[in-house]
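Here are my notes on the model, as numbered points. Please read them with the structure open.

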Amino acid sequence: MLTEIDLKSTLKTKLDVDVAPQVILGACRPQLAHQALQAEPSIAALLPCNVVVRSVGEKATVVEAFDPAMMTSFVAEPSEALRAVSEDARARLLTALSAVAAAPIASTQNRGQA
């Protein structure tokens with residue numbers, strides 16, 4: 001992970017509003033970002049680097065991410081190199097999201113205990 005933005009805290013500080021706990025994780029894989037930029041320099045604004053983790057209640061959390069395959073839909077004529085990068089990023093992201101979905105749910109009482 002490269003960055004972390006606590007939306008709840010930021011919006012409270014900047015706007016004095018309350019929102020559900022929500023964190024944006026900058027999860028760019030630098031190698032893939034570099035490959036995408038080499039294939040299409042204008043793709044920087046579309047790099048699917050963010051994963052959002054947000055609370056949807058006391059006992060539920062949602063993990064969301066932009067589908068990297070969508071990068072190619074914003075480019076008039078995407079190159080094969082860009083398609084390959086987006087497919088690689090998508091496969092990695094799906095693997096990570098599947099691992100999160102399959103992970104056992106930890107209660108707040110057990111966190112940090114060995």
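Contact here means heavy atoms within 4.5 Å. The model is a predicted one.

1. Pro21 and its contacts. Pro21 sits in the loop between H1 and S2. Setting aside neighbours within four places in sequence, Pro21 is in contact with Lys8, Val53, Arg54 and Ser55. Its relative accessible area is 45%, so Pro21 is partly exposed. Gly57 is 36 residues away from Pro21 in sequence, yet the two C-alpha atoms are 9.4 Å apart.

2. Val53, one of those partners. Val53 belongs to strand S3. Beyond four places in sequence, Val53 is in contact with Pro21, Gln22, Val23, Leu25, Thr61, Val62 and Val63. Ile24 is 29 residues from Val53 along the chain, and their C-alpha atoms are separated by 6.5 Å. Is Val53 buried, exposed or partly exposed? Val53 has a relative accessible area of 27%, and therefore counts as partly exposed.

3. Asp16, in the loop that also holds Pro21. Asp16 is found between helix H1 (7-15) and S2. Please look at its backbone. Most residues other than glycine have a negative phi. Asp16 is not a glycine, yet its phi is positive, at about 55 degrees. With a relative accessible area of 56%, Asp16 is exposed; the cut-off for that class is over 50%.

4. The disulfide. The structure holds 1 disulfide. Its partners are Cys28 and Cys49, with an S to S distance of 1.5 Å. What does the pair tie together? Cys28 lies in the loop between strand S2 (22-26) and H2, and Cys49 in the loop between H2 and S3, so the link joins parts that are 21 residues apart in sequence. Cys49 has a relative accessibility of 14% and so counts as buried. The cut-off for buried is under 20%.

5. Arg29. Arg29 is in the loop between S2 and H2. At a relative accessible area of 38%, Arg29 is partly exposed. Arg29 and Pro48 are 19 residues apart in sequence, with 9.8 Å between their C-alpha atoms.

6. The second largest pocket. This pocket holds about 300 Å³ of space. It is lined by 18 residues, of which Ala27, Cys28, Arg29, Pro48 and Ala89 are the closest to its centre. Which elements give two or more residues to the lining? They are helix H2 (30-39), strand S3 (50-55) and helix H3 (80-102). H3 gives the most, with 5 residues. By class, the lining divides into 15 nonpolar, 1 polar and 2 charged residues. Cys28 thus appears twice in these notes: as a disulfide partner, and among the residues closest to the pocket centre.

7. The buried face of H2. Leu32, Ala33 and Ala36 are buried in H2. Viewed down the helix axis, the buried residues of H2 fall within an arc of 100 degrees, so they line one face of the helix. An α-helix has 3.6 residues a turn, so residues three or four places apart point the same way. What do the buried residues of H2 pack against? They pack against H3.

8. Two residues of H3. Ser86 and Ala101 can be read as a pair. Ser86 has its place in helix H3, and so does Ala101. Ser86 is buried, with a relative accessible area of 3%. Ala101 is exposed, at 68% relative accessibility. Not counting residues up to four places away in sequence, Ser86 touches Pro68, Ala69, Met71 and Thr72. Ala101 and Val62 are 39 residues apart in sequence, and 9.7 Å apart in space, C-alpha to C-alpha. Val62 has come up before, as one of the contacts of Val53.

9. Where to look again. For H3, compare its share of the pocket lining, 5 residues, with its packing against the buried residues of H2. For the loop between H1 and S2, view exposed Asp16 alongside partly exposed Pro21.

Key:
Residues numbered from 1 in each chain as written. Predicted model: local features only at pLDDT ≥ 70, side-chain atom pairs only at ≥ 80, totals over all residues. Heavy atoms only, no water. 1 Å grid on protein atoms, 1.4 Å probe; cavity = no way out; pocket = protein on both sides within 12 Å on 5 of 7 lines; lining within 4 Å. Points joined across faces, edges and corners; volume = space filled by probe spheres on them. Helix = DSSP H or I, 4+ residues; strand = E, 2+ residues; numbered from the N terminus. Nonpolar A, V, L, I, M, F, W, Y, C, P; charged D, E, K, R; others polar. Disulfide = S-S within 2.5 Å. Buried < 20%, exposed > 50% of the residue type's maximum accessible area, 1.4 Å probe, protein only. Arc of directions from axis to C-beta.
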